[in-house]
Amino acid sequence: QVQLQESGPGLVKPSQTLSLTCTVSGGDITTDYYWSWIRQSPGKGLEWIGYIAYTGSIAKSPSLESRTSISRDTSKNQFTLQLSSVTPEDAAVYYCARGERDRWNDFGSWGQGTQVTVSS
C-alpha cells in the first residue's frame, strides 16, 4: 500500500520560498500515477497546486503557476514543491497526493498534511 509523507519547514517568512518534499513508499513515482500538491487554507476548500506525472511531465494551477516549481528525485522516490514569494495568504495545510493514471484528479492516497505558517 502506497504511503506519502510531507516534510519541510512549518514556518516561512513573507517573500521567501516555501519548500516541501513528499516521500513516497510502497510505490514508484516513475511507474503510473500522477503526484500532486494540494493545499487547504483556513476556512477554504482544497486547492490543487500542481502535479508531476510518472512520465515527468508537469502541470500547474494557472493561479499559482508563476510562483510554483515542482520536481522529483527518482533516486529517493520523492517529489518536491517550491512556492516563491509567499504571503500570509499562502498559509495552509499542504498535502501531497496520488492521482490515478487515467484520472489525474482522482486522489486515492494522501499524505497526512503539513501545516505551513507565513510570518515574519
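This is a short selection-by-selection tour of the structure in your viewer, which is a predicted model.

**Stop 1: the disulfide**

Begin by selecting Cys-22 and Cys-96 and showing their side chains. A disulfide joins the two, with an S to S distance of 2.1 Å, and the count for this structure comes to one disulfide. Now look where its ends sit: Cys-22 belongs to strand E3 (residues 18-25) and Cys-96 to strand E9 (residues 92-100), so the link ties together distant parts of the chain, 74 residues apart. Are these cysteines buried or exposed? Both Cys-22 and Cys-96 are buried. If you rotate the view to look at the S-S bond, its torsion is about 65 degrees, so the disulfide is right-handed.

**Stop 2: the nonpolar core**

Next, select Leu-18, Trp-37, Phe-79 and Tyr-94. These are the residues with the most contacts inside the largest nonpolar core, which has 24 residues. Color the strands that feed this core: E3, E4 (34-40), E5 (46-53), E8 (78-83), E9 and E11 (114-118) each supply at least two of its residues. Which strand gives the largest share? That is E3, with four residues. As a general point, nonpolar side chains in soluble globular proteins tend to be buried together.

Stay with Leu-18 for a moment and show what surrounds it. Beyond residues up to four places away in sequence, Leu-18 touches Val-12, Leu-81, Gln-82, Leu-83, Val-86, Tyr-94 and Val-116.

**Stop 3: a four-stranded sheet**

Switch to a cartoon view and find strands E1, E3, E8 and E7. They form an open sheet in the order E1-E3-E8-E7, with antiparallel pairing. At the edges stand E1 (3-7) and E7 (68-73); each has a single partner strand, so one side of each is left without a neighbour in the sheet. Neighbouring strands here are turned against each other by 20 degrees on average, direction ignored.

Zoom in on the pairing of E1 with E3. The two strands run antiparallel and are joined by five bridges. To see one spot along this pairing, select Ser-7, which stands opposite Thr-21 in E3.

**Stop 4: Arg-39**

Move on to Arg-39, in strand E4. Arg-39 is buried, with a relative accessible area of 6%. What does its side chain meet? It makes a polar contact with the side chain of Tyr-94, at 2.9 Å; Tyr-94 is one of the core residues from your second stop. Setting aside neighbours within four places in sequence, the contacts of Arg-39 also include Gly-45, Glu-47, Leu-64, Leu-83, Glu-89 and Asp-90.

**Stop 5: Gly-50**

Now pick Gly-50 in strand E5. Gly-50 counts as buried, at 0% relative accessibility. Show its contacts outside the four places on either side in sequence: Trp-35, Ser-36, Trp-37, Ala-59, Lys-60 and Ile-70. If you draw a distance to the C-alpha atom of Thr-30, 20 residues away along the chain, it spans 17 Å.

**Stop 6: two loop residues with positive phi**

Most residues other than glycine have a negative phi. With that in mind, select Asp-32, in the loop between E3 and E4. Asp-32 has a positive phi of about 70 degrees and is partly exposed, at 25% relative accessibility.

Finish at Ser-85, in the loop between E8 and E9. Ser-85 also has a positive phi, of about 50 degrees, and is partly exposed, with a relative accessible area of 43%.

Notes:
Residues are numbered from 1 along each chain as its sequence is written. This is a predicted model: local features need pLDDT of at least 70, side-chain atom pairs count only at pLDDT 80 or more; totals for chains, interfaces and linings use all residues. Side-chain values use heavy atoms; hydrogens and water are left out. A disulfide is a pair of cysteine sulfur atoms within 2.5 Å. Buried means under 20% relative accessible area, exposed over 50%, partly exposed in between (1.4 Å probe, protein chains only). A nonpolar core is a set of buried Ala, Val, Leu, Ile, Met, Phe, Trp, Tyr and Cys residues joined through side-chain atoms within 4.5 Å. Contact means heavy atoms within 4.5 Å. Two strands pair if DSSP finds at least two bridges between them. Axes are lines fitted to C-alpha atoms, for helices over the stretch in contact, and angles run from 0 to 180 degrees between N-to-C directions. A polar contact is a pair of N or O atoms within 3.5 Å; within protein, one must be able to donate a hydrogen and the other to accept it, and residues adjacent in sequence count only if both atoms are side-chain atoms.
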